[in-house]
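Subject: Structure for you to look at

Dear colleague,

I am handing over the structure we spoke of, and below it you will find my notes on what was found. Please read them with the model open beside you.

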Amino acid sequence: MAKKVAVQASLAPDGKQLLKDNGFEVVELPDKKISTLLDKAADAYGILIGTAPFPNDTIEKMPNLKIIARNGVGYDNIDVPFMVQHGIYVTITPLANASTVAETTLAEIFDISKNVTNDSHEMREGNWNYKKDHKGFDLEGKTLGILGYGRIGKMVAKKVSGLGMNVIYNSPHAEDSEYGKAVNRDAIFTDSDIVTLHMPVLPSTKGSVGKREFEMMHSSSVLINLARGALINTDDLIDALKSGEIKAAALDVFDKEPLPMDSPLYQLDNVLLTPHIASNTVECMNRMAHDAASEIVKVLNGEQPQWAVQK
């Protein structure tokens, strides 16, 4: 009998097809509820998941489980040490989305620097002259500070290299490169016109961008976050945006997703809000699904996965 692998019904087709081609029974889940997973695939050997929380006690009811494959790079929704302790691999797809997320970062930088979304919205409301009191700003000559210089951070630096911007970055053990200069963490906030976050959520980084950091930034500075909502103290950010301590923000990720409709962020016109779209392209979704599925194939065939989180 073919081994079962549980995936979201919305998973890009390349991932599903790879699993089927390798002889696995693919169980498509209509939603992200753990109760649905256990109802339809408690006997699954592998599961392919997104950012939804995966409670530790779930594995007590999944005796065959060998691998949890993340369709992406973040894994703060999974207790990795606990899974390792129980002999379950946790894998990610580090090569699939870096370029796409970097492109989306640039898209949000362009949008917020030129007021594209706000101007378009106001035009549709009949307010052609909104632009007169809401001018954008040039990127050439400005400083971009990148906090987190892994695959995505490096790709952002490379992609902005032709814009005439000064690029600085901070990350553990980062060194100067042809695309920018390594600086200390505080310099990212004190010296940047635009700060963009690209680090993982760790005990040391959770809520690490807050009141202190906003006080260091210029009143003309902008914060961009396409990494994880938990990196920012949201209350402090809202205060900084309301008071004019910083000029604006572009947020693609949030503490709670979907962002609740009663969030004060919706009331601020100096925030660009997008619904976690950083990797939302046809090509990227297929790459992530394929790479995540390939890890399941390896593990269930008795091989070592390529991108296991645990060492």
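Rings of Phe, Tyr and Trp, taking the six-membered ring of Trp, are counted as a pair if their centres lie within 6.5 Å, and a pair is called stacked when the planes are under 30 degrees apart. With that in hand, and bearing in mind that this is a predicted model, a search of the whole structure turns up 1 aromatic pair. The partners are tyrosine 149 and tyrosine 169, which are stacked with 3.6 Å from centre to centre and 5° between the planes. Because tyrosine 149 lies in the loop between strand S6 (143-147) and helix H6 (151-159), while tyrosine 169 belongs to strand S7 (residues 166-170), the pair ties together parts that are 20 residues apart in sequence. Are these two tyrosines, 149 and 169, buried or exposed? Both tyrosine 149 and tyrosine 169 are buried.

The strands S6 and S7 bring me to the sheet that contains them, an open sheet of 7 strands with parallel pairing, in the order S8-S7-S6-S9-S10-S11-S12. At its edges are strand S8 (181-182) and strand S12 (271-273), each of which pairs on one side only. Within this sheet, strand S9 (residues 194-197) runs parallel to S10 and is joined to S10 by 4 bridges, with leucine 197 standing opposite asparagine 225 of S10. On the other pairing of S10, 4 bridges join S10 to strand S11 (residues 248-251), again in parallel, and here asparagine 225 stands opposite leucine 251. Strand S10 (residues 222-225) is covered on both faces, since Val222 and Ile224 on one side and Leu223 and Asn225 on the other are all buried. Helix H9 (residues 234-243) lies across S10, S11 and S12, and runs at about 140° to S11.

As for annotation, an unreviewed UniProt entry lists residues 107-278 as "domain: D-isomer specific 2-hydroxyacid dehydrogenase NAD-binding". In the model, the end C-alpha atoms of residues 107-278 lie 10 Å apart, and the span is 28% helix and 16% strand.

There is also an open sheet of 5 strands, in the order S2-S1-S3-S4-S5, and its pairing is parallel. Strand S2 (25-29) and strand S5 (89-91) are the edge strands, each pairing on one side only, and neighbouring strands of this sheet are turned by 20° against each other on average, with direction ignored. Helix H1 (residues 13-21) packs on this sheet, where H1 touches strand S1 (4-8) and S2, and the direction of H1 makes about 150° with that of S2. Helix H10 (residues 282-300) packs on the sheet as well, touching S1, S3, S4 and S5, and the direction of H10 makes about 165° with that of S4.

Which residues of helix H2 (residues 34-41) are buried? They are Thr36, Leu37, Leu38 and Ala41, and the buried residues of H2 pack against S1, S2 and S3.

Strand S3 deserves a closer look. S3 runs parallel to S1 and is joined to S1 by 3 bridges, and valine 7 stands opposite leucine 48 of S3. S3 (residues 46-49) also pairs with strand S4 (residues 67-70) in the parallel sense, over 4 bridges, where glycine 46 has isoleucine 67 in S4 as its bridge partner. Both faces of S3 are covered, with Gly46 and Leu48 buried on one side and Ile47 and Ile49 buried on the other.

Two further details concern the beginning of the chain. Alanine 2 is found in the segment before S1, and alanine 2 counts as partly exposed because its relative accessibility is 36%, a value between the 20% under which a residue is buried and the 50% over which a residue is exposed. Setting aside neighbours within four places in sequence, alanine 2 is in contact with Gly23, Phe24 and Glu25; of these, glycine 23 is 21 residues from alanine 2 in sequence and 6.4 Å away in space, C-alpha to C-alpha. Finally, the charged end of lysine 3 sits over the ring of tyrosine 45, at 5.0 Å from the ring centre.

With kind regards

How values were computed:
Residues numbered from 1 in each chain as written. Predicted model: local features only at pLDDT ≥ 70, side-chain atom pairs only at ≥ 80, totals over all residues. Heavy atoms only, no water. Pairing = 2+ DSSP bridges. Helix = DSSP H or I, 4+ residues; strand = E, 2+ residues; numbered from the N terminus. Axes fitted to C-alpha atoms, helices over the stretch in contact; angles between N-to-C directions. Contact = heavy atoms within 4.5 Å. Phe/Tyr/Trp six-rings, centres within 6.5 Å; stacked < 30°, edge-to-face > 60°. Buried < 20%, exposed > 50% of the residue type's maximum accessible area, 1.4 Å probe, protein only. Lys NZ or Arg CZ within 6 Å of the ring centre and 35° of its normal. UniProt positions renumbered as here; feature names shortened; annotations may be inferred.
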